Amino acid sequence: MQRASENPSRRGRRSTTMDGMPVNDMPWWRWRSNVRSALHMLSDPVFQQECWAAGVPGYGDVTDAVYRLVEDTWLDSWSAEKYVGTIFRDSQEAALVDTAVLRVLRIMHQVGADAPVATYMEHHGWPEAVRAARDAHVRLAVNDAEDPDQPPRSLDALALSLRAI
């Protein structure tokens, strides 16, 4: 995934770097919320059919979910293990997230970031990616004392919940 040198969604000064890569000032709990939201959407085939494939507004698309998964965390560049103790509670969470990220990114690189939702869903590796995302989503949701079987929230609901924290 290519990164632009300037990201207008990231305002203000940069904090420190992590292994020479800039880290923004987003608190860890927002990173976790974004990762969980992305994994939730990527793990739910019913949601994918009823919202993404149907073009229901307010939920983005596969590419939006992938970017929420890796944009601020750089999980496309390094292991989630780096975030144990901040974003992730333990190595099992990190390992499940790494597996999901790798499976989803492999498909995205094969079909193209802007491919239609149907192209992702028809990819031979998609069921495996969905299973990996589901495993990670369930682990994170249960560890946060939330029901993993609730339907994914809209991006507006996610934004509101992050402002409320």
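## Core, pocket and two unusual loop residues

Leaving aside residues up to four places away in sequence, V97 is in contact with L39, L75, A80, F88, A136 and L140. This is a predicted model, and V97 is a handy place to start a walk through it.

V97 belongs to the largest nonpolar core, which has 40 residues; those that touch the most other members are L39, L42, W52, L75, F88 and V97. Two or more residues of this core come from each of α1, α2 (45-53), α3 (62-70), α4 (91-111), α5 (117-122) and α6 (126-143). The most are given by α4, with eight residues.

Helix α2 deserves a look of its own. Its buried residues are F47, Q48, C51 and W52. Viewed down the helix axis, these buried residues fall within an arc of 105°, so they line one face of α2. The partners they pack against are α1, α3, α5 and α6.

Now to the open space. The second largest pocket holds about 450 Å³. It is lined by 23 residues, and the closest to its centre are S33, R36, D144, E146 and R153. Two elements, α1 (28-42) and α7 (155-164), give two or more residues to this lining. With eight residues, α1 gives the most. Sorted by class, the lining of the second largest pocket has eight nonpolar, eight polar and seven charged residues.

Is R36, one of the residues closest to the pocket centre, buried or exposed? Its relative accessibility is 15%, and R36 counts as buried because the cut-off is under 20%. R36 sits in helix α1. Not counting residues up to four places away in sequence, R36 touches H137, L140, A141, D144 and E146. Of these contacts, D144 and E146 are also listed among the residues closest to the centre of the second largest pocket. L140 is a contact of V97 too.

Finally, which residues have a positive phi of about 60° although they are not glycines? W74 and A145 do, and the table sets out where each one lies.

| Residue | Phi | Location | Relative accessible area | State |
|---|---|---|---|---|
| W74 | about 60° | loop between α3 and α4 | 9% | buried |
| A145 | about 60° | loop between α6 and α7 | 72% | exposed |

W74 is thus buried in its loop between α3 and α4, whereas A145 is exposed in the loop between α6 and α7.

Methods: Residues numbered from 1 in each chain as written. Predicted model: local features only at pLDDT ≥ 70, side-chain atom pairs only at ≥ 80, totals over all residues. Heavy atoms only, no water. 1 Å grid on protein atoms, 1.4 Å probe; cavity = no way out; pocket = protein on both sides within 12 Å on 5 of 7 lines; lining within 4 Å. Points joined across faces, edges and corners; volume = space filled by probe spheres on them. Helix = DSSP H or I, 4+ residues; strand = E, 2+ residues; numbered from the N terminus. Nonpolar A, V, L, I, M, F, W, Y, C, P; charged D, E, K, R; others polar. Core = buried A, V, L, I, M, F, W, Y, C linked by side-chain atoms within 4.5 Å. Buried < 20%, exposed > 50% of the residue type's maximum accessible area, 1.4 Å probe, protein only. Contact = heavy atoms within 4.5 Å. Arc of directions from axis to C-beta.
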